[in-house]
Amino acid sequence: MHDLMPFEPYHVAPDDPRSPPQEIWDALSPEERQRIVDSLPSEFPVSEANPPEGVFHFEASRAELVQQLAEESRLRAEETQRREDAERQLAEARAEIARLRGERA
């Protein structure tokens, strides 16, 4: 009986504007999708600029932050190693110059 019912186009509710669920979106034509996109608000009140993130978003944000901190720590360790290697090479070069000049280090 569902197949016999006329198709109701998706309407964006003005009090709760949101795009349709994925299964409805997938069934829409490009023109219908554009109509929906055009009817969605492009701006929102400043009071809604920082909505509550929720547990899942918070956990994802925290995991991303931990990953960024680990990457920064790895990069700092690599830079420290490069600096130590450069200082060692400089000391070796100075010692070699002194040896070639016949100087004592």
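1. A salt bridge here is a side-chain nitrogen of Lys or Arg within 4 Å of a carboxyl oxygen of Asp or Glu. Keep that cut-off in mind for the pair Glu 78 and Arg 82, whose closest N and O atoms are 4.0 Å apart and which form a salt bridge. One caveat before going on: this is a predicted model.

2. Quick overview of the fold. The chain has 3 helices and 0 strands, and read from the N terminus its elements go α-α-α. Of its 105 residues, 6% count as buried. The exposed area is about 9,800 Å², with carbon and sulfur atoms supplying 56% of it.

3. Now to the charges. Searching the whole structure turns up 7 salt bridges. A network of them links Glu 71, Arg 74, Glu 78, Glu 79, Arg 82 and Arg 83, and the next points walk through some of its members.

4. Start with Arg 74. Its side chain meets that of Glu 71 in a salt bridge at 2.5 Å, N to O. These two are 3 residues apart in helix H3, so about one helical turn separates them. Arg 74 also has a salt bridge with Glu 78, this one at 2.3 Å, N to O. Here the spacing is 4 residues in helix H3, again about one helical turn.

5. Glu 78 is worth a second look. Besides its bridge to Arg 74, Glu 78 forms the salt bridge with Arg 82 from point 1. Glu 78 and Arg 82 both sit in helix H3, 4 residues apart, or about one turn of the helix.

6. What does the side chain of Arg 82 do with Glu 79? The two side chains make a polar contact at 2.9 Å. Arg 82 belongs to helix H3, which covers residues 54–101, and both Arg 82 and Glu 79 are in the salt-bridge network.

7. Are these residues buried or exposed, or something in between? Arg 74 has 38% relative accessibility, so it counts as partly exposed. Glu 71 is at 35%, and therefore partly exposed. Glu 78 has 31% and is put in the partly exposed class because of that value. Arg 82, at 47%, is partly exposed too. The reasoning needs the cut-offs: buried means under 20% relative accessible area and exposed means over 50%, so values in between count as partly exposed.

8. If you only check one thing in the viewer, follow helix H3 from Glu 71 to Arg 74, on to Glu 78, and then to Arg 82.

Notes
Residues are numbered from 1 along each chain as its sequence is written. This is a predicted model: local features need pLDDT of at least 70, side-chain atom pairs count only at pLDDT 80 or more; totals for chains, interfaces and linings use all residues. Side-chain values use heavy atoms; hydrogens and water are left out. Buried means under 20% relative accessible area, exposed over 50%, partly exposed in between (1.4 Å probe, protein chains only). A polar contact is a pair of N or O atoms within 3.5 Å; within protein, one must be able to donate a hydrogen and the other to accept it, and residues adjacent in sequence count only if both atoms are side-chain atoms. Accessible areas come from the Shrake-Rupley method with a 1.4 Å probe; for residues, only the protein chains shown count as cover.
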